[in-house]
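Here is a walk through one protein model. Keep the structure in view as you read.

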Amino acid sequence: MNKFTRYFKGVGEEARRIRWPDSRLLWKSVTIVIVISVISALAIVLSDWLTANIMKAFEEVFPKDSSESTSAAFRMISWIKIGGHF
């Protein structure tokens with residue numbers, strides 16, 4: 001129990017040595033974090049939306065048909081080779 005008490009006394013001493021920021025600096029930092037978080041979230045939403053639309057466009061160009069034995073990748077390569085015309 002002595003080690004336990006000594007550990008938390010040391011934690012308390014270290015906490016008293018910390019230079020805490022003033023409220024102006026704190027709110028400035030909070031604002032920066034919020035702005036960066038919102039921008040990052042918007043970038044993720046935009047990339048998700050673009051990816052979904054690109055995948056939808058590929059599905060429209062190359063519809064899944066269970067009766068075909070050709071894979072989608074092979075059809076896409078063939079489509080690119082002949083200039084996009086079937």
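**A guided look at the model**

Leu46, Trp49, Leu50, Ile54 and Phe58 together make a nonpolar patch of about 510 Å² on the surface. The model that shows this patch is predicted. One of the patch residues, Leu50, sits in helix 2, which covers residues 23-61. Is Leu50 buried or exposed? Neither word fits fully: Leu50 is partly exposed, at a relative accessible area of 41%. A residue can join a patch only if its relative accessible area is over 30%. Leu50, at 41%, therefore qualifies on that count.

Now step back to the whole protein. How many helices and strands does the secondary structure hold? There are three helices and zero strands. Along the sequence, the pattern reads α-α-α. The protein has 86 residues, and buried ones make up 2% of them. The accessible surface comes to about 8300 Å². Carbon and sulfur atoms account for 67% of that surface.

How far can the prediction be trusted, part by part? The mean pLDDT of the protein is 84. A score of at least 70 is reached by 73% of the residues. Among the elements, helix 2 has the highest mean pLDDT, 95. Helix 3, residues 72-81, has the lowest, 63. Where pLDDT is low, the predicted coordinates should not be read in detail.

Next, turn to helix 1. This helix has 16 residues. From first C-alpha to last, helix 1 reaches 23 Å. That is close to the 22 Å expected at 1.5 Å a residue. How many of the 16 residues in helix 1 are buried? The count is zero, so helix 1 is hardly covered.

Charged side chains meet in this helix. The structure holds one salt bridge. Glu14 and Arg17 form it, with their closest N and O atoms 2.8 Å apart. Where do these partners sit along the chain? Both are in helix 1, residues 2-17, and they are three residues apart. That spacing puts about one helical turn between Glu14 and Arg17. Glu14 is partly exposed, with a relative accessible area of 45%. Arg17 is exposed, at 57%.

Aromatic rings come next. A pair of aromatic rings is described by the distance of the centres and the angle of the planes. The count of aromatic pairs comes to three. In one of them, the ring centres of Phe4 and Phe8 lie 5.0 Å apart. Their planes stand at 70 degrees, so this pair is edge-to-face. The cut-off for that label is over 60 degrees. Phe4 and Phe8 are four residues apart in helix 1, which again means a separation of about one helical turn. Phe8 is partly exposed, with a relative accessible area of 45%.

Phe8 also pairs with Tyr7. The centres of these two rings are 5.0 Å apart, and their planes make an angle of 80 degrees. This pair, too, is edge-to-face. Tyr7 is exposed, with a relative accessible area of 53%. Which residues form one aromatic cluster? They are Phe4, Tyr7 and Phe8.

To retrace the route, look once more at the nonpolar patch around Leu50, the salt bridge between Glu14 and Arg17, and the aromatic cluster of Phe4, Tyr7 and Phe8.

Conventions:
Residues numbered from 1 in each chain as written. Heavy atoms only, no water. Patch = residues over 30% accessible without salt bridge, like charges linked within 9 Å, V, L, I, M, F, W, Y side chains within 5 Å. Areas by Shrake-Rupley, 256 points an atom, 1.4 Å probe, with all protein chains shown as cover. Salt bridge = Lys/Arg side-chain N within 4 Å of Asp/Glu carboxyl O. Helix = DSSP H or I, 4+ residues; strand = E, 2+ residues; numbered from the N terminus. Buried < 20%, exposed > 50% of the residue type's maximum accessible area, 1.4 Å probe, protein only. Phe/Tyr/Trp six-rings, centres within 6.5 Å; stacked < 30°, edge-to-face > 60°. Expected span 1.5 Å × (residues − 1). pLDDT = per-residue confidence, 0-100.
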